[in-house]
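Here are some notes to read alongside the coordinates, set out point by point. They begin with one acidic side chain and then turn to a sheet and the helices against it.

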Amino acid sequence: MNTQLRRAATAATALTMAVSLAACGEAGSGKEDKADNKTIGLLLPESRTTRYEAFDYPLIKAKVQELCDDCKINYKNAAENVSTQKQQFDDLVSSGVKVIILDAVDSGATKSWVDGAEKKGVKVVAYDRLAEGNVAAYVSFDNEKIGKLQGEGIVQALGDKAADARVVMINGKESDPNAAMFKKGAHSVLDKQVKEVVYEQTGEWSAEIAGQKMGAAITSLGKDGFDAVYSANDGMAGGIIAALDSAKVKDIPVGGQDAELAGIQRILKGTQSFTIYKPYKPEAEPTAEIAVRLLQGKSIDDLATSKIDSPSTKGIPAALVDAFVVTEDNIKDTVIKDELYKVSEICKGEFKKACAGAGIE
């Protein structure tokens with residue numbers, strides 16, 4: 001073959017390969033886009049708190065499938081590891097997913113993720129915790145108000161002793177913006193209505209760490225050096241109550257949050273004074289609907305009717321859900337009425353007698 005013919009043949013071969021590769025790429029992209037336009041990413045922060053696996057994930061998944069029968073959820077849990085969640089987020093973006101529901105391990109770390117995803121046409125719905133960056137929507141509770149409810153719960157549990165009471169505060173994880181809002185709301189009540197907050201630490205959302213901090217408080221203050229304990233959630237309240245029991249400190253009101261089954265049972269037993277019931281269904285289902293609408297290019301204005309600011313973004317469309325204080329007196333009218341738990345789940349074993357005493361049978 002002469003040089004001219006060889007060059008022509010090489011050029012033709014290269015052109016054929018280029019066309020073939022382009023066609024494969026277009027077909028692959030089309031297939032991927034079709035699949036990803038039916039997939040919503042769901043990233044939850046941890047599994048130590050029972051709500052995420054028991055309620056948030058199944059409720060969101062069920063609602064998405066109800067609204068869009070051929071939609072799928074790509075769910076991952078970060079086990080409290082920021083790097084793991086970053087990798088999960090990047091994997092979803094790389095796969096072509098166009099909507100991600102994100103409950104951030106560390107909300108302050110998410111700005112570059114969210115903003116980078118937005119530039120690629122990916123919309124992020126901040127769930128439960130307000131992620132930084134240009135999120136498309138935020139669904140949660142009014143977390144400062146929840147903190148106020150917790151503070152009020154402590155005051156009510158102290159009764160006429162509140163004005164002279166000394167309170168220990170075991171707060172949530174410092175990297176969680178919700179914990180800061182709970183703390184702010186609680187202080188807005190306690191600073192005015194009790195004598196003093198005498199010890200304050202973070203319990204890192206860990207029952208073990210909270211128990212250790214409570215032990216340190218007892219050592220520092222003495223068994224008679226405090227009158228009540230604020231716990232940012234029920235998981236930590238369990239560790240705190242165990243520490244109080246171990247030190248033989250009795251009759252100390254302890255409040256929590258999340259209406260965990262163990263927390264409800266401790267309320268009936270009399271070792272925990274109250275919890276905060278955040279109805280998961282009214283939080284999870286609007287989140288699922290917002291995600292589906294964003295996936296379908298529809299308006300969310302009627303769902304996200306409030307506005308909220310993060311440290312990096314102003315005027316984020318938000319849907320905020322109400323929460324409630326739960327004591328022994330209204331367990332029946334809250335978590336049981338809403339079918340969060342069945343009576344048979346609560347009132348088993350050692351709790352049967354306490355349930356009967358509270359009229360729960």
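1. The model is a predicted one, and the points below should be read with that in view. Leaving aside neighbours within four places in sequence, Asp56 is in contact with Leu44, Arg51, Tyr127, Glu283 and Ala284.

2. Asp56 belongs to helix 2, which spans residues 51–67. Its relative accessible area is 0%, and Asp56 therefore counts as buried, the cut-off being under 20%.

3. Which side chain makes a polar contact with the side chain of Asp56? The partner is the side chain of Tyr127, at 2.5 Å, and Tyr127 also appears in the list of contacts given above for Asp56.

4. Turning to the sheet, four strands form an open arrangement in the order 7-6-8-9, and their pairing is parallel. Strand 7 (196–202) and strand 9 (254–255) are the edge strands, each of them pairing on one side only.

5. At the strand 9 edge, strand 8 (residues 228–231) runs parallel to strand 9 and is joined to it by 2 bridges; Tyr230 has Gly255, in strand 9, as its bridge partner.

6. Helix 5 (residues 143–158) packs on this sheet, where it touches strand 6 (166–171), strand 8 and strand 9, and the direction of helix 5 makes about 160 degrees with that of strand 8.

7. Helix 6 (residues 177–193), for its part, lies across strand 6, strand 7 and strand 8, and it runs at about 175 degrees to strand 6. Strand 6 and strand 8 are thus named among the strands touched by helix 5 and among those that helix 6 lies across.

Technical notes: Residues numbered from 1 in each chain as written. Predicted model: local features only at pLDDT ≥ 70, side-chain atom pairs only at ≥ 80, totals over all residues. Heavy atoms only, no water. Buried < 20%, exposed > 50% of the residue type's maximum accessible area, 1.4 Å probe, protein only. Polar contact = N/O pair within 3.5 Å; in protein donor to acceptor, adjacent residues only side chain to side chain. Contact = heavy atoms within 4.5 Å. Pairing = 2+ DSSP bridges. Axes fitted to C-alpha atoms, helices over the stretch in contact; angles between N-to-C directions.
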